[in-house]
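Reader: I would like to see how the labels for this model are earned. Please take me through the reasoning, one term at a time.

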Amino acid sequence: MSKQTELIQHIPRLRRYARALAGDAVRADDLVQDTLERALVKLDLWRPGSDLRAWLFTLMHNLFVNQIRASGPAHCELDEAADVPVRGGQSDALAVRDIHAALAQLPSEQRAVILLVGLEQFSYAEAARVLGLPIGTVMSRLSRARERLREIMEGRAVVKLQVVK
Amino acid sequence: MSGITEDDLHGYADGQLPAERRLEVEAWLAAHPEDEARVRAWQAQNRGLHEAFDSVLNEPLPLGMVRTANVRRRGSRPLWRAAAAVMALAATGLLGYGIGVQSRPVAMEYAALPHDAALAHVVFSPEQRHPVEVDAQHAEHLVGWLSKRLGHELHAPDFQALGFELLGGRLLSGQAGPVAQFMYQDRQARRVTLYVRRDGAGRVDTGFRHVREDGVEVFYWVDRDLGYALSGAIDKAEMGRLADAAYHQISR
């Protein structure tokens with residue numbers, strides 16, 4: 001199978017991740033398109049036999065981070081965003097809407113971790129490579145992201161977390 | 001404490017622990033309901049993410065995106081220029097659905113048919129969870145829906161005599177407008193796809209043609225307003241028999 005054919009097989013999953021990460025379809029597909037163009041230019045640098053999927057997600061992550069930087073402080077506010085109570089669980093349709101809204105309230109770096117692990121099912125080590133972070137940082141972000149998401153989905157105020165030792 | 005860490009709880013929720021450790025965490029959770037509630041909530045989040053976003057895997061794939069990924073890089077300028085044009089289209093966000101197709105010579109359209117069909121085959125035929133958008137149990141609805149979207153009556157050929165069952169179908173977006181893809185599977189889980197789109201209206205019907213695209217055998221033809229391409233990574237002679245059956249059923 002040619003490198004290009006392998007590339008194509010990853011498009012649906014790249015789109016899924018981008019949609020969840022960027023929050024809207026147009027921005028997400030732009031991100032995928034940019035990623036593919038970047039991948040095409042750099043394809044010779046990718047070693048056949050190594051994980052193409054992780055490599056593509058890494059490219060996408062770097063593009064996403066650059067976009068966030070370029071778009072300025074609006075995204076930083078997400079970090080400080082007050083918990084908007086969003087009720088969950090009444091129905092599936094509502095729950096799906098809720099998870100969109102809840103994700104949007106997470107800081108983007110937490111969103112990326114929870115999506116790579118929970119949606120794209122990367123191992124923690126792979127997620128760390130994609131994000132260019134030590135695995136310990138990935139784990140602590142994952143932990144914060146999940147607790148934050150739980151608070152948002154359950155519509156309750158921030159409480160101090162119990163840490164298992 | 002049995003040395004269960006926060007990381008172990010996540011590893012458990014994500015199914016990333018070795019069996020032995022998993023049992024230890026299970027025992028810990030049985031004794032610590034608060035942790036158990038957290039782990040269950042995280043697992044519910046994972047399920048929620050899949051429920052919310054797995055449908056993206058099923059959406060019409062912008063074939064321009066596929067083309068971008070598939071540009072052959074042999075340094076030949078015209079191909080790069082074509083790719084640049086596709087990228088420019090993509091940037092408008094209006095990929096697919098007829099943009100720019102009028103300026104494309106008909107002969108080129110026709111040449112792209114087996115190529116696009118092979119790409120679509122390669123993208124969707126390995127898919128385990130969502131190979132099709134509408135399954136064969138709703139065959140009537142499937143054919144009606146795709147016919148409506150293409151603006152032309154379609155038929156899904158019956159390959160049962162040749163050992164292939166209809167799995168279902170999906171709608172894709174091509175540069176020349178919507179495209180229907182029917183997927184079939186035999187008992188060994190080998191898959192073939194029939195790619196159908198409106199093609200070169202008013203042109204004389206063509207006979208069968210065959211091409212091999214990156215390991216995929218493609219038989220294609222034009223019948224009245226529609227272009228058909230049957231793709232599969234299986235024996236050429238067998239593909240030929242399937243294509244022959246499709247051709248005769250469709251032109252009947």
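**Labels and their reasons**

Author: This is a predicted model. Start with two helices of chain B: α1 (residues 6-13) and α3 (residues 33-53) pack at about 45 degrees, with their axes 9 Å apart.

Reader: Why are α1(B) and α3(B) called oblique to each other?

Author: Angles under 35 degrees count as roughly parallel, and 65 to 115 as roughly perpendicular. The angle here is about 45 degrees. That value falls in neither range, and it is not over 145 either, so the pair is oblique. The crossing of α1(B) and α3(B) is right-handed.

Reader: Which residues of α1(B) and α3(B) meet?

Author: Leu9(B), Tyr12(B) and Ala13(B) come from α1(B). They meet Asp35(B), Arg38(B), Val39(B), Trp42(B) and Gln43(B) in α3(B).

Reader: What makes α7(A) and α3(B) roughly perpendicular?

Author: Helix α7 of chain A spans residues 108-119, and its axis crosses that of α3(B) at roughly 90 degrees. The range for roughly perpendicular is 65 to 115 degrees. The value lies inside that range, so the label follows. The two axes come within 9 Å. Leu115(A), Gly118(A) and Leu119(A) supply the α7(A) side of the contact. On the α3(B) side are Gln45(B), Asn46(B), Leu49(B), His50(B) and Phe53(B).

Reader: Which residues have the most contacts inside the largest nonpolar core?

Author: Val113(A), Leu115(A), Ala127(A) and Leu230(B), in a core of 85 residues. Helix α6 (residues 106-124) of chain B gives the largest share, eight residues. Domain 1 (6-55) and domain 2 (59-251) of chain B each contribute at least three residues. Ala127(A) touches Val113(A), Leu116(A), Val117(A), Phe122(A) and Val138(A), leaving aside residues up to four places away in sequence.

Reader: Which residues does the second core include?

Author: Tyr12(B), Val25(B), Trp28(B) and Val39(B) are among its seven residues, and this core is separate. In soluble globular proteins, nonpolar side chains tend to be buried together.

Reader: How do you know whether Arg191(B) is buried or exposed?

Author: Count the neighbours. Arg191(B) has 21 other C-beta atoms within 10 Å. The cut-off for buried is 20 or more. The count meets it, so Arg191(B) is buried. Arg191(B) sits in strand β4 (residues 191-198) of chain B. Its contacts, beyond four places in sequence, are Ser125(B), Met183(B), Tyr184(B), Gln185(B) and Gly232(B). Ile234(B) is 43 residues from Arg191(B) in sequence, yet their C-alpha atoms are 8.5 Å apart.

Reader: Why is Gln121(A) called partly exposed?

Author: Gln121(A) has 15 other C-beta atoms within 10 Å. Buried needs 20 or more, and exposed needs 12 or fewer. The count lies in between, so partly exposed is the label. Gln121(A) is in the loop between α7 and α8 (124-131) of chain A.

Reader: What makes Ala189(B) count as exposed?

Author: It has 7 C-beta neighbours inside 10 Å. The limit for exposed is 12 or fewer, so Ala189(B) qualifies. Ala189(B) lies in the loop between β3 (177-185) and β4 of chain B.

Reader: What is the phi of Gln121(A), and what is that of Ala189(B)?

Author: Most residues other than glycine have a negative phi. Gln121(A) is not a glycine, but its phi is positive, about 55 degrees. Ala189(B) is not a glycine either, and its phi is positive at about 65 degrees.

How values were computed
Residues are numbered from 1 along each chain as its sequence is written. Chains are lettered from A and ligands numbered from 1 in the order in which they are written. This is a predicted model: local features need pLDDT of at least 70, side-chain atom pairs count only at pLDDT 80 or more; totals for chains, interfaces and linings use all residues. A nonpolar core is a set of buried Ala, Val, Leu, Ile, Met, Phe, Trp, Tyr and Cys residues joined through C-beta atoms within 7 Å. Helices (H or I, at least four residues) and strands (E, at least two) are DSSP runs, numbered from the N terminus. Domain bounds come from an automatic or database domain assignment. Two residues are in contact if their C-beta atoms, placed from the backbone, lie within 7 Å. Axes are lines fitted to C-alpha atoms, for helices over the stretch in contact, and angles run from 0 to 180 degrees between N-to-C directions. A crossing is left-handed if the near helix is turned anticlockwise from the far one by less than a right angle, and right-handed if clockwise.
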